[in-house]
Amino acid sequence: LAAVLSLSLLAGCKPKKELTRYTTIFYDVFDTVTQVIAYCDSEEEFTAQMDALHADLVEYNQLYDIYNDYDGVTNIKTINDNAGTAPVTVDDKILGMLELAQTMYDTTGGKLNIALGSVLNIWHNYREAALADDNDSNNQLPTQEELDAAAQHCDIANLIIDEDAKTVYLADPAMSLDVGSVGKGYAVEMVCRAAEARGLTSALLNVGGNVRAIGTKPNSGPWVAGVDNPWPDQDGQYATASYVDTVELQPGQSLVISGDYQRYFTVDGVRYHHLIDLTTLQPARYMNSVAIVSSDSGLGDALSTGVFCMPVEKGQALIEQLNDVEALWMLSDETMVQSSGWGK
């Protein structure tokens, strides 16, 4: 008996296998670069986890696409194509995201509005035309009349969701959804939860600036993410890997940043970015960027857009009302404002 107990104690004291750090990059989802850092028992385990994670991202990317059709896939484009015609039966992955977007519309006082597709599509077309032309002097802006006409078809009340039937219907035939303000963040959250359920215990996922932590780094504490510097240098260039702050992400926390330096075009030396203020139908000018730390990447994505499109004071008041959410605002005078718990 003593010998058996001794062997049991020795077996119990056997050192745990040290996890190995691996990295990978994807270029084919959400029109951005995705990087994953993970610690796994073996390269085989890492490869299996990344294959599954990538497949999940591809699925969400197709479901939330507003520009392309895919064989056998009913997506946001399908819903838009059937506006004013008929309800569309959709996947739960679409229903969950749209329901979050509806909630965040109310939370942000309408500053986060996925029904803004008709207006955003106008800005998208002008931006794409500008980026396709090497001569900035040819760049043009949409007229206010054009934007005002499109804004008549952005009432989120015309987004009709039937949870029991799992259908989505746009009651306004000229209405369209654009879920770029919440879809990627929601996908990141769901993909990470699925990876955790498959046994991934330590990883940091970064999908074009939507950063989400799984667990912690083995033997070295929380994952650390950087807040991008949104201000150009004297030559008007944006530095890569230049940070104004860093944050420690606890397990399940995310960092999401919205800024005017990410997608834009210039007309007469003025930068016109992709984050549109509903009160003016023009790019929001309250700040250069805002960073949101929260316990849900979908929530953080929606908040980063909504807060970017409101005055700093209103954004501060909103963030202070929410649990487990902090924010950092980066202003045009190159100063920063932080919520009460940011430093913690």
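On the surface of this predicted model, Ile-25, Tyr-27 and Val-33 form a nonpolar patch whose accessible area together is about 310 Å². Of these residues, Tyr-27 belongs to strand β1 (residues 20-29). Its relative accessibility of 63% places Tyr-27 in the exposed class, because that class begins over 50%.

Leu-281 presents the opposite case. This residue sits in the loop between β13 (276-277) and β14 (282-283), yet Leu-281 counts as buried, at 6% relative accessibility. Leaving aside residues up to four places away in sequence, Leu-281 touches Val-119, Trp-123, Gln-144, Leu-147, Asp-148, Ala-151 and Ile-276. Ile-292, by contrast, is 11 residues from Leu-281 in sequence, with a C-alpha to C-alpha separation of 24 Å.

Charged side chains supply a further set of links, with a count of 11 salt bridges. One of them pairs Lys-93 with Glu-59, with the closest N and O atoms 3.6 Å apart. This pair links distant parts of the chain, 34 residues apart: Lys-93 lies in helix α4 (residues 92-107) and Glu-59 in helix α2 (residues 43-63). Both ends are partly exposed, Lys-93 at 25% and Glu-59 at 29% relative accessible area.

Within helix α3 (residues 76-81), Asp-81 and Lys-77 are 4 residues apart, about one turn of the helix. Their side chains meet in a salt bridge of 2.8 Å, N to O, and Lys-77 is buried at 15% relative accessible area.

A salt bridge also joins Asp-92 to Lys-166, at 2.8 Å between the closest N and O atoms. Asp-92 lies in helix α4 and Lys-166 in the loop between β4 (159-162) and β5 (167-170), so this pair ties together parts 74 residues apart in sequence. Finally, Glu-189, Arg-193, Glu-196, Arg-212 and Asp-296 are joined into one network by salt bridges that share partners.

Key: Residues numbered from 1 in each chain as written. Predicted model: local features only at pLDDT ≥ 70, side-chain atom pairs only at ≥ 80, totals over all residues. Heavy atoms only, no water. Helix = DSSP H or I, 4+ residues; strand = E, 2+ residues; numbered from the N terminus. Buried < 20%, exposed > 50% of the residue type's maximum accessible area, 1.4 Å probe, protein only. Contact = heavy atoms within 4.5 Å. Patch = residues over 30% accessible without salt bridge, like charges linked within 9 Å, V, L, I, M, F, W, Y side chains within 5 Å. Areas by Shrake-Rupley, 256 points an atom, 1.4 Å probe, with all protein chains shown as cover. Salt bridge = Lys/Arg side-chain N within 4 Å of Asp/Glu carboxyl O.
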